[in-house]
Amino acid sequence: MIVTFLYIVAAVLMVLGVFFMLRLTPVQITQDLMDLLRPANKLRTLAADVQAKRQRGGLFGALQRIRNTMEATGRGRLFPLAITGMFGFAAAGVFIGIIIDNIWLIPALAVIMGAIPFLYMGSAVEYYERTVRDELETALSIITNAYIRTDDIVVAVEENIQFIKPPLRKVFERFVQDSVIMPSNKEIIIRLRERLDDHVFYEWCTTLLQCQDDRTLKENLHPVVGKLTDIRLINTQNAAVISTAKTEYYAMIVFVAISVPLLALISPGSLQTLASTGFGKFLIGIVADVVVFTFFRMRKVTRPVDYNAK
């Protein structure tokens, strides 16, 4: 265990040394990686933006969501360090696979170790998104009612901003600040729409923009807010099912992990075959790859339900 830990430290330091020699900063590495993963601005991509399909999928979408959350919580400076750490830990996984002479384990070790910084930050992202989602329904409801009564969105926000809890309060505080320096309500609503990456919030702001030209559309805001209620009810109903599925999955992973020492107790020769022969190493690598793949797949499918405007 100590030797393996020293190998990990040596690999991480080696990668950081290469970055230092090439004069690569965490910010530069992060920007280059995001530029590489960013989808091309095709016509279909631009049309999706117009239709409020704002959240990106894949690796770029996941990284962008983490980046936005860390910036919103005042910890944006940690994101470049996490990107740099990802490469360092991934290299450590490759190094360990080479040391133990099992190339089939390299993909699983590189992926799971490279994901360590983001698995840690992912808990903060999930907590932030859950907090914003819970508060968004209340905030948009009271602001909508006040806007229908006063016919002035700035006044509606100012009247109720004290009832909005963090971190959502900061979004509307900046909205009020923008209203002081920008004369057009449309401009400050557009800025507000860009400050929160949420489909329902985007649709609410878009409907609010339409209300600036046609006041009779104000009643359309209530059905949009109602979507947040539907999402909350669905997530509440699914909470027990998701929790059970996670428990069963982790139990399966524990069973797979303890099967190796159990095999050693039952048949020491079989364990030696797995550890020293080519077929045994291939089998261990395949099992590790499947575990890593299913782990990330499980995290994706057990995320809370979100509204997707398709």
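Here are some short exercises on this predicted model, each with a worked solution.

**Exercise 1. Getting your bearings**

Work out what secondary structure the chain has, and what share of its residues is buried.

*Solution.* Start with the elements: the chain has 14 helices and 0 strands. Read from the N terminus, the order is therefore just α after α, with no β in the string. Next, take burial: of the 310 residues in the chain, 35% are buried. Finally, look at the contacts between residues at least 6 apart in sequence: 66% of them join residues at least 24 apart.

**Exercise 2. Classifying a ring pair**

Decide whether the rings of Phe201 and Trp204 are stacked or edge-to-face, and find where the two residues sit.

*Solution.* First, check the distance. The ring centres are 6.3 Å apart, and the cut-off for a pair is 6.5 Å, so Phe201 and Trp204 count as a pair. Second, check the planes. They lie at 20°, and anything under 30 degrees counts as stacked, so this pair is stacked. Third, find the place: both residues belong to helix α11 (residues 199–211), and because they are 3 residues apart there, about one helical turn separates them. Both Phe201 and Trp204 are buried. Phe172 joins these two in one aromatic cluster.

**Exercise 3. A second pair to compare**

Classify the pair formed by Phe295 and Phe296, then say how buried or exposed each residue is.

*Solution.* The centres are 5.3 Å apart and the planes make an angle of 75°. Since over 60 degrees counts as edge-to-face, that is the label here. For burial, the cut-off is 20% relative accessible area. Phe295 has 16%, so it is buried; Phe296 has 28%, so it is partly exposed. By the same distance rule, the count of aromatic pairs comes to 5.

**Exercise 4. Two helices side by side**

Describe how helix α6 (residues 106–114) and helix α14 (residues 278–301) pack.

*Solution.* You need two numbers, because packed helices are described by the angle between their axes and the distance between the axes. For α6 and α14, the angle is about 30° and the axes are 8 Å apart. Angles under 35 degrees count as roughly parallel, so α6 and α14 are roughly parallel to each other. Their crossing is left-handed. Now list who meets whom: Pro107, Ala108, Val111 and Ile112 in α6 meet a set in α14 that includes Val292, Phe295 and Phe296.

**Exercise 5. A charge and a ring**

Find which ring the charged end of Lys218 sits over.

*Solution.* The ring belongs to Tyr147, and the charged end of Lys218 is 5.8 Å from its centre.

Definitions and conventions
Residues are numbered from 1 along each chain as its sequence is written. This is a predicted model: local features need pLDDT of at least 70, side-chain atom pairs count only at pLDDT 80 or more; totals for chains, interfaces and linings use all residues. Side-chain values use heavy atoms; hydrogens and water are left out. Rings of Phe, Tyr and Trp (its six-membered ring) pair if their centres lie within 6.5 Å; planes under 30 degrees apart count as stacked, over 60 as edge-to-face and the rest as tilted. Helices (H or I, at least four residues) and strands (E, at least two) are DSSP runs, numbered from the N terminus. Buried means under 20% relative accessible area, exposed over 50%, partly exposed in between (1.4 Å probe, protein chains only). A charge sits over a ring if NZ of Lys or CZ of Arg is within 6 Å of the ring centre and within 35 degrees of the ring normal. Axes are lines fitted to C-alpha atoms, for helices over the stretch in contact, and angles run from 0 to 180 degrees between N-to-C directions. Angles under 35 degrees count as roughly parallel, over 145 as roughly antiparallel, 65 to 115 as roughly perpendicular and the rest as oblique. A crossing is left-handed if the near helix is turned anticlockwise from the far one by less than a right angle, and right-handed if clockwise. Contact means heavy atoms within 4.5 Å.
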